[in-house]
Amino acid sequence: MHTIEVAGVLIDTRHYVNGERLASPATYTNTSPIDGSFLGEIARGDADSVNAAVAAARAAFPAWSKLGPKKRGELLNKLADLVEANVETLANIETLDNGALLRSHLRGVMPRVAMNIRFFADYAINDLHHDAFETRGHTNNITWDPSGVAALITPWNAPLMLATWKIGPALAAGDTVVLKPAEWTPLTASYFADLTKQAGIPDGVFNVVFGYGTEAGAALTAHTGVSRISFTGSVPTAKIIAHAAADNLTPVSFELGGKSPCIVMADADLDLAAEIAVEQYDNAGQVCLSGTRILVHESVADSFAEKFRSKVAALKQGDPRDPDTDIGPQVHQVHFDRIKGFVDRAVAEGQDIVWGGGPNAELGGLYFQPTLVKNPAPGSEIVSAEIFGPVLCMQTFLTDDDVIAMANGTEFGLAAVVVSGDRDHAKRITDELVAGTIWVNCFFVRDLRAPFGGSKKSGIGRDGGTWSFDFYADVKNTVVSPNGWKE
Ligand code: NAD
């Protein structure tokens, strides 16, 4: 039995290699975070499955790379059409598998999957261009050539959405792909593989290997047949992958963790600030970009906290399939225990837990309450480490210098949020912040033309527009002399 029925459709639990399904001798159990129910036994990839997938991707590369952006774009747009036609199915599968809100998957996340593929397909055709320029009469012609096989390793918090930030540009650039999705959330990748087949993407161009990071992931990142490694996940895993990549000098792109500041200035609209603060609990706090350190000017701290409290009190925690639910479960027992460990240790240290502080007793299972820690001890674990759950810290500041030092005072530099009523003041702050993305009076606005990535330990490289192609492609300059022509 290699298929399971999830959300009313059949999903194959085997790898997808060379357009066909490939079993592994071993499997692992996948359960739903909503209620712990059994979803299926998933192929547990090893070096053999990875070797088969890389071999298939390498064999498919010459034809796919020569197809050119236009023909590739037609197939990728067909794939995007199929994703759009299957938004509801994909949304339901993803919610069962990772526990994120169904209404978000339906309205935002799955339509964006289609958009990601379409955007990069069209960008390769229409926008990937650098004007030729002259050097002493010689012409520099810059092109983006396909590079080979891209190994893509992705996390579980927005499984298909994050994967297509990589799949889209890699395939549009003319690379072939081996995807290793996170072990806790394999299902949408399998369904997506079927859609690539229906779209007419040639066999071997897109491959998926399931399994554990330490097995399938390690074999893939160490593989000599891979030309690029694109990884989204945690800093500790990135360090392991960086070592593997170093042995083969394989270029890497890393989208890693964060402990981003959400700054509320004295001149801020406090209703807006509270609205933005509550959004930091989105996806049960399992968002890399989340502004988990709320830094609020002392003069407005009490009024802000009151507004924030009433918004948090209105949040409904529960089954993510219920359209009224705002906060669902954590993704997995292991992750739930990790979050609980952080909070338990903060409690043991005597930190001030303003609300939440533990599992939701009524719901049981993997539902952790939205939690706020006030004025955490400087340098303590709760305010330094990435928790990746619904746990925020709130600290106060007095001067701009203070808040800039606090905001930049972590090893991360993924994102920052600034809420201010004064444009010049906001700019003085944003100019000093170290972060790949800064949102002013907003959160989570993302345009695929813009660069996205992290500073410091939050990543290496940038995704989006030309930045993505700069990574997946071999950027080439052909310098043509005015001399030597026989015309
Ligand atoms: P993780 O690092 O544990 O795992 C991510 C992926 O790496 C999984 O597919 C896993 O199987 C694989 N992996 C694990 N060990 C490996 C190894 N030795 N070799 C190769 N692959 C291996 O991260 P996670 O818990 O799945 O995701 C949460 C992390 O991801 C957080 O730190 C979060 O901030 C980060 N994240 C970052 C972004 C971003 O865009 N910057 C987006 C989402 C999540």
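Two residues are taken to be in contact if their C-beta atoms, placed from the backbone, lie within 7 Å. With that in hand, here is how this predicted model is put together, starting with its two domains. The protein chain splits into domain 1, built from 3-256 + 458-478, and domain 2, covering 261-440. Their C-alpha centres sit 31 Å apart. Where the domains meet, 16 residues of domain 1 are in contact with 19 residues of domain 2. On the domain 1 side, helix H3 (87-98) and helix H4 (102-126) each put in at least two of the touching residues. That side of domain 1 is a mix of 7 nonpolar, 7 polar and 2 charged residues.

The ligand comes next. A shell of 31 residues surrounds the ligand, and the closest are Gly213, Gly217, Gly233, Thr237 and Gly257. Helix H7 (213-221) and helix H8 (235-248) are the elements that give two or more residues to this shell. H7 makes the largest contribution, with 5 residues. By character, the shell comes out as 13 nonpolar, 14 polar and 4 charged residues. Both domains take part: at least three shell residues come from domain 1, and at least three from domain 2.

Then there is the sheet. Seen in order, S16-S17-S18-S15-S14-S20-S21 make up an open sheet of 7 strands with mixed pairing. Strand S16 (352-355) and strand S21 (437-440) are the edge strands; each has a single partner, so one side of each is left without a neighbour in the sheet. On average, neighbouring strands here are turned by 25° against each other, direction ignored. As general background, strands of a sheet pair through backbone hydrogen bonds, either parallel or antiparallel. The pair formed by strand S14 (residues 261-264) and strand S20 (residues 415-419) is parallel, and 3 bridges hold the two together. Within that pair, Ile263 has Val418 of S20 as its bridge partner.

Helix H9 (residues 270-279) lies across S14, strand S15 (293-297) and S20, and runs at about 155° to S20. Several of its residues are buried, namely Leu270, Ala273, Ala274, Ile276, Ala277 and Val278. What do the buried residues of H9 pack against? The answer takes in S14, S15 and S20, along with helix H10 (301-313). As for the spacing of such residues, an α-helix has 3.6 residues a turn, so residues three or four places apart point the same way.

At the start of the chain, strand S1 (residues 3-6) and strand S2 (residues 9-12) run antiparallel and are joined by 4 bridges. Thr3 stands opposite Asp12 in S2. The hairpin of S1 and S2 has 2 residues between the strands, and Ala7 takes a positive phi near 55° there.

Finally, a look at one loop residue, Ser37, which lies between strand S5 (27-31) and strand S6 (38-43). Is Ser37 buried or exposed? Ser37 counts as exposed because it has 9 C-beta neighbours inside 10 Å, and the cut-off for exposed is 12 or fewer. Once neighbours within four places in sequence are set aside, Ser37 is in contact with Thr31 and Ser32. Glu279 is 242 residues away from Ser37 along the chain, and the C-alpha atoms of the two are separated by 29 Å.

Conventions: Residues numbered from 1 in each chain as written. Predicted model: local features only at pLDDT ≥ 70, side-chain atom pairs only at ≥ 80, totals over all residues. Near = placed C-beta within 6 Å. Nonpolar A, V, L, I, M, F, W, Y, C, P; charged D, E, K, R; others polar. Domains from an automatic or database assignment. Pairing = 2+ DSSP bridges. Axes fitted to C-alpha atoms, helices over the stretch in contact; angles between N-to-C directions. Buried ≥ 20, exposed ≤ 12 C-beta atoms within 10 Å, placed from the backbone.
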